[in-house]
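Please work through the exercises below with the sequence and the structure side by side, and try each task before reading its solution.

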Amino acid sequence: MKSSRRKLAAVAAGVGIAPLVTVVLPATSAFAHGYVSSPPSRQAQCAQRVVQCGQIQWEPQSVEGPKGLKSCSGGNGRFSDLDDDSKAWRATSVGQSVTFNWTFTARHSTRNYEYFLNGKSLGVFKGQSSSHTVNLGGVTGRQKVLAVWNIADTGNAFYACVDLQVQ
Ligand SMILES: [Cu+2]
């Protein structure tokens with residue numbers, strides 16, 4: 001009882017700064033967003049310390065850039081590790097059919113999800129599901145799929161590259 005009263009007092013004290021917080025939030029986007037967590041995307045491998053990376057290790061969900069890019073970093077110079085094919089990315093062993101799963105730290109309204117292999121679309125998905133199964137179309141060996149989450153109400157998209165070893 002006593003400690004919950006103290007918590008209430010702390011919350012009440014915080015109310016005084018609420019107007020300032022309201023002004024600051026729209027300009028800040030670091031806590032929003034999402035990424036492909038399974039199979040582990042490059043940013044997921046950075047976050048799990050499978051591969052040594054720079055700033056992306058702290059915010060794998062933040063690979064946001066203008067729609068229409070084909071780069072793993074979404075054009076973010078501070079996440080350029082993600083574009084480096086020479087890093088020791090682990091390739092997940094898969095068959096021709098692969099299910100990609102997204103993890104979100106905040107939801108946005110979704111236009112669609114797209115998957116690309118060597119610049120060619122593997123499929124477009126609409127709706128609320130964060131899990132999408134694509135067919136790789138007969139390729140084998142080491143491949144890199146670019147997953148894109150296109151946001152409906154902004155000009156931006158989220159990008160994630162996933163390294164695969166296709167049986
Ligand atoms: Cu966001």
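**Exercise 1.** Decide from its relative accessibility whether His108 is buried, partly exposed or exposed.

*Solution.* Begin with the cut-offs, by which buried means under 20% relative accessible area, exposed over 50%, and partly exposed in between (1.4 Å probe, protein chains only). Because its relative accessibility is 27%, His108 counts as partly exposed. Next take His33, which counts as buried because its value is 2%. The model is predicted, with local features needing pLDDT of at least 70 and side-chain atom pairs counting only at pLDDT 80 or more, while totals for chains, interfaces and linings use all residues. Residues are numbered from 1 along each chain as its sequence is written, and side-chain values use heavy atoms, with hydrogens and water left out.

**Exercise 2.** Identify the protein donors of the copper ion and place them in the chain.

*Solution.* Donors are N, O and S atoms within 2.8 Å of the metal (3.2 Å for Na, K and Ca), and water is not among the atoms, so sites may look incomplete. The search gives His33 (N), His33 (ND1) and His108 (NE2), at 1.8 to 2.6 Å from the copper ion. His33 sits in the loop between α2 (18–24) and β1 (34–38), whereas His108, 75 residues apart from it, sits in the loop between β4 (97–104) and β5 (110–117), so that the pair links distant parts of the chain.

**Exercise 3.** Which residues does the "domain: Chitin-binding type-4" annotation cover?

*Solution.* According to the unreviewed UniProt entry, the annotation covers residues 33–117 and 128–164; such annotations may be inferred rather than shown by experiment.

Notes. Helix = DSSP H or I, 4+ residues; strand = E, 2+ residues; numbered from the N terminus.
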